[in-house]
2 protein chains.
Amino acid sequence: MTSEAVPGGERLRAGGVRLTRQRAAVLAVIEGSQGHLGVREVLAAVRKGRRRIGLTTVYRTLEVLASLNLIRKVHLRDGCQRYARAGAGHGHHLICSRCGRVVEFSDCRLGALIQSVADRTQFTIEDHWLELFGRCKGCRNGRGRMRRRSGFRETGTRPGPAAP
Amino acid sequence: MTSEAVPGGERLRAGGVRLTRQRAAVLAVIEGSQGHLGVREVLAAVRKGRRRIGLTTVYRTLEVLASLNLIRKVHLRDGCQRYARAGAGHGHHLICSRCGRVVEFSDCRLGALIQSVADRTQFTIEDHWLELFGRCKGCRNGRGRMRRRSGFRETGTRPGPAAP
DNA sequence: TCGCACATGAAAAACTTTTTCATCTAGGAG
DNA sequence: CTCCTAGATGAAAAAGTTTTTCATGTGCGA
């Protein structure tokens, strides 16, 4: 297995960690999903792809990949151990509350707001975190809310209609 | 114990739930803290105040109080089962990454940004969520980062230097 | 004051996350 | 190309968190 053949291989190496088949598999699963996945879902998806992997490794790998910014940790109203593929920006998310689709955006013009809050509160503001929730085009007229923890698309990359 | 004597009593009743000594105690602990507290910390603080309460009740009560907007759920980088007192706004938080102090603000002028992201992604955006992280005045020159899960001030309301 | 629907809490169950440690392997050295 | 080893893996166990259960308690309207 050459690193060239594995998407993300270079990026893993660049991060100073080894390219293992497990890491490649987890990265592929996340990148192949348009939604956000939890630990058990990643485990199931990797195993469905006929690759052996242990639960412990999934925990560790998700943490490693997130720290390298190869994937993003997504926070929902309840529970925040979910992950989505990383886009170009610094990781703000727009999440469909019905199907779970995650779209990343980075143009958060918060400069003025941050300045104003900083002035008023005497804080030095170092970081911010913004998430938007709504309905994607396909789920616009959906009746209810899909079960939160259900996977959206485990794998398979079909270009979605929405992208920044 | 009349409801008048208990801060939050009216608000609990208005929410359609009973005013119990446990709910009052949990609310008092959260309101008396300037930081964010986890479930175990709330449990410990209530018990330190010599009031009997069970862990199950703490879980249930925090959920009830948060659903009535009497307290807020705070999400941190890791873990998001922490709670802080509720201010007037719709609940955005500025959090000191050293001491844990939480300041709520509500003037988030995100209209233009939300419009722009909505246009580009074809999403209908229904809700947003913004959190700022930094250092409060007192922690400006702090060396490191205080242990994340440590309580900040369990109780006692001394007017802090920072308030919107 | 009474009564009961709602609330509590101890214990157990269910679930999640971390730790441990023996084994494996990616990938650089030779 | 083969060898070697630090880093990676994973099964099992431990630790921690959250939910469920159900008998008992109590807020509050009648």
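**A pocket between domains, and two crossing helices**

Me: Where does the largest pocket of this predicted model lie in relation to domain 1 and domain 2 of chain A?
Reply: Happy to walk through it: domain 1 (7-86) of chain A gives residues to the lining of the largest pocket, and domain 2 (87-146) of chain A does too. Because both contribute, the largest pocket lies between domain 1 and domain 2.

Me: What is the volume of the largest pocket, and which residues lie nearest its centre?
Reply: The largest pocket has a volume of about 670 Å³. Its lining is made up of 27 residues. Those nearest the centre are A66(A), R72(A), K73(A), H75(A) and R77(B).

Me: Which element gives the most to the lining of the largest pocket?
Reply: In chain A, at least two lining residues come from each of α4 (55-67), β2 (71-74), β4 (92-96) and β6 (124-135). With six residues, the one that gives the most is α4(A).

Me: How many residues of each class are in the lining of the largest pocket?
Reply: Good thing to check next! Sorted by class, the lining has seven charged residues. The other classes are 10 polar and 10 nonpolar.

Me: Are α2(A) and α3(A) roughly parallel or roughly perpendicular?
Reply: Helix α2 (residues 21-31) and helix α3 (residues 39-48) of chain A have axes 9 Å apart and pack at an angle of about 110°. Angles of 65 to 115 degrees count as roughly perpendicular. Therefore α2(A) is roughly perpendicular to α3(A).

Me: Which residues make that contact, and of what class are they?
Reply: From α2(A) come A25(A), V26(A), V29(A) and I30(A), while α3(A) brings V42(A), A45(A) and V46(A). The contact has no polar and no charged residues, but seven nonpolar.

Me: At what angle do the axes of α2 and α3 of chain B cross?
Reply: In chain B, A25(B), V26(B), V29(B) and I30(B) of α2(B) meet V42(B), A45(B) and V46(B) of α3(B). The two helices are roughly perpendicular to each other. Their axes come within 9 Å and cross at roughly 110°.

Terms used
Residues numbered from 1 in each chain as written. Chains lettered and ligands numbered in written order. Predicted model: local features only at pLDDT ≥ 70, side-chain atom pairs only at ≥ 80, totals over all residues. Heavy atoms only, no water. 1 Å grid on protein atoms, 1.4 Å probe; cavity = no way out; pocket = protein on both sides within 12 Å on 5 of 7 lines; lining within 4 Å. Points joined across faces, edges and corners; volume = space filled by probe spheres on them. Helix = DSSP H or I, 4+ residues; strand = E, 2+ residues; numbered from the N terminus. Nonpolar A, V, L, I, M, F, W, Y, C, P; charged D, E, K, R; others polar. Domains from an automatic or database assignment. Axes fitted to C-alpha atoms, helices over the stretch in contact; angles between N-to-C directions. Parallel < 35°, antiparallel > 145°, perpendicular 65-115°, else oblique. Contact = heavy atoms within 4.5 Å.
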